[in-house]
Amino acid sequence: MTLTGLHFLLTYQCTRACPHCFVFGSPGARGTFRLDQIRSLLDEGERLGSIRAIYFEGGEPFLHDGVLREAVREASRRGWHVGVVTNGYWATSPKAARARLEPLARNGLTELTLSADHLHGGGPEPAIARSVADALGIRAGTISLKGDCGDIMYRGRAALEMAGQVDGHPWTDFTACPHEPLEGPDRVHIDADGWVHICQGLVMGNCWQTPLTELVQSYDPARHPVVAPLLAGGPAELARVFGLPDGERYADACHLCFLTRARLRGRYPDLLAPAQVYEEPSRV
């Protein structure tokens with residue numbers, strides 16, 4: 001396993017509670033990195049020797065832009081490509097956008113990715129942010145969903161709120177994971193509680209309990225009780241192994257996988273975590 005990217009879920013808090021959010025981001029969500037924690041993990045990244053890119057995501061990372069600004073600087077000074085993913089809520093005008101982006105440009109931000117579609121509000125802010133980023137020499141792009149449901153992956157809030165809007169398929173159809181290279185991930189997401197996500201809510205362990213370098217070097221997909229069935233036959237095999245398919249139809253592979261994993265959390269609390277990724281923060 002050669003890890004080339006670390007994606008920090010800087011916070012689960014967000015300005016919105018989008019119906020398709022993988023991690024149930026919302027204004028009421030909790031869990032935010034401290035700068036010293038980020039520095040510690042960047043040091044771990046250097047020890048891995050293979051990292052090339054660092055991304056800061058959420059939730060909405062600009063809600064904690066003081067930490068974000070310094071985190072970008074810390075990652076950039078190590079010579080890595082540095083990106084931020086945001087909904088651009090702060091770009092209410094070119095002047096406001098410049099006030100947020102100029103410090104990040106000075107601190108070495110390489111890339112800005114903006115969520116821009118009707119499910120993220122459909123306002124002008126992403127376009128304003130992109131224009132200002134371009135002027136500052138920050139490479140900017142957008143993530144946009146296609147149509148009403150488009151290319152949504154039905155996990156997290158989408159599995160509960162949106163899956164019923166599309167035609168389902170029998171659980172036996174989903175014989176492979178179409179999105180994540182589970183056998184050898186090239187990037188992981190890390191949240192402020194220390195969970196190292198292979199896919200949102202599917203973790204290899206907790207880096208506050210076991211150093212990140214050790215987690216990465218010891219990752220064995222064949223011995224991971226959730227990853228192994230997914231590799232053998234996708235979400236359908238995971239459901240079959242644990243006797244969980246109940247005859248329902250599922251929107252996509254993520255939908256079946258997410259619901260199956262949610263039912264298994266009590267059995268594997270250290271591999272299917274945190275609660276934030278499986279249910280609304282108000283119920284966590």
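Q: In this predicted model, which residue's backbone oxygen lies 3.4 Å from a polar atom of the side chain of Thr11?
A: Thr11 sits in the loop between β1 (5–9) and α1 (35–48). A polar contact needs N or O atoms within 3.5 Å. At 3.4 Å, the pair is formed with the backbone oxygen of Gly31.

Q: Which backbone nitrogen does the side chain of Thr11 reach?
A: The side chain of Thr11 has a backbone oxygen partner in Gly31. A backbone nitrogen is reached as well, at 3.0 Å. That nitrogen belongs to Gln13.

Q: Is Thr11 buried or exposed?
A: Thr11 touches Gly31, Thr32, Glu57, Gly58, Gly59, Glu60, Pro61 and His64, leaving aside residues up to four places away in sequence. Its relative accessible area is 1%. The cut-off for buried is under 20%, so Thr11 is buried.

Q: Where does α3 bend?
A: Helix α3 covers residues 94–106 and reaches 18 Å from its first C-alpha to its last, close to the 18 Å expected. The helix still bends, by about 30°. A proline, Pro103, follows within four residues of the bend. The bend is at Arg100.

Q: Which elements do the buried residues of α3 pack against?
A: The buried residues in α3 are Ala97, Leu101, Pro103 and Leu104. Their packing partners are two helices and a strand. These are α2 (65–76), α4 (125–135) and β4 (111–115).

Q: How far apart are the end C-alpha atoms of α8?
A: Helix α8 runs over residues 253–264, twelve in number. At 1.5 Å a residue it should span 16 Å. The model agrees, with the end C-alpha atoms apart by 17 Å.

Q: How many of the twelve residues of α8 are buried?
A: The helix is mostly covered. Its cover includes α5 (157–161), β8 (195–199), β9 (202–206), α7 (227–241) and β10 (249–250). Among the buried residues are His255, Phe258 and Arg261. The count is ten.

Q: Which residue places a side-chain oxygen within 3.2 Å of the backbone nitrogen of Cys254?
A: Cys254 is one of the buried residues of α8. The contact is at the start of that helix. The side-chain oxygen comes from Asp252.

Q: Which element supplies the largest share of the lining of the largest cavity?
A: The structure holds two cavities of 30 Å³ or more. Of the 14 residues lining the largest, the closest to its centre are Arg155, Cys177, Cys199, Cys257 and Arg261. α7 and α8 each supply at least two lining residues. The largest share, four residues, comes from α8.

Notes:
Residues numbered from 1 in each chain as written. Predicted model: local features only at pLDDT ≥ 70, side-chain atom pairs only at ≥ 80, totals over all residues. Heavy atoms only, no water. Expected span 1.5 Å × (residues − 1). Bend = angle between axes of the 7 residues up to and from the residue. Buried < 20%, exposed > 50% of the residue type's maximum accessible area, 1.4 Å probe, protein only. Contact = heavy atoms within 4.5 Å. Polar contact = N/O pair within 3.5 Å; in protein donor to acceptor, adjacent residues only side chain to side chain. 1 Å grid on protein atoms, 1.4 Å probe; cavity = no way out; pocket = protein on both sides within 12 Å on 5 of 7 lines; lining within 4 Å. Points joined across faces, edges and corners; volume = space filled by probe spheres on them.
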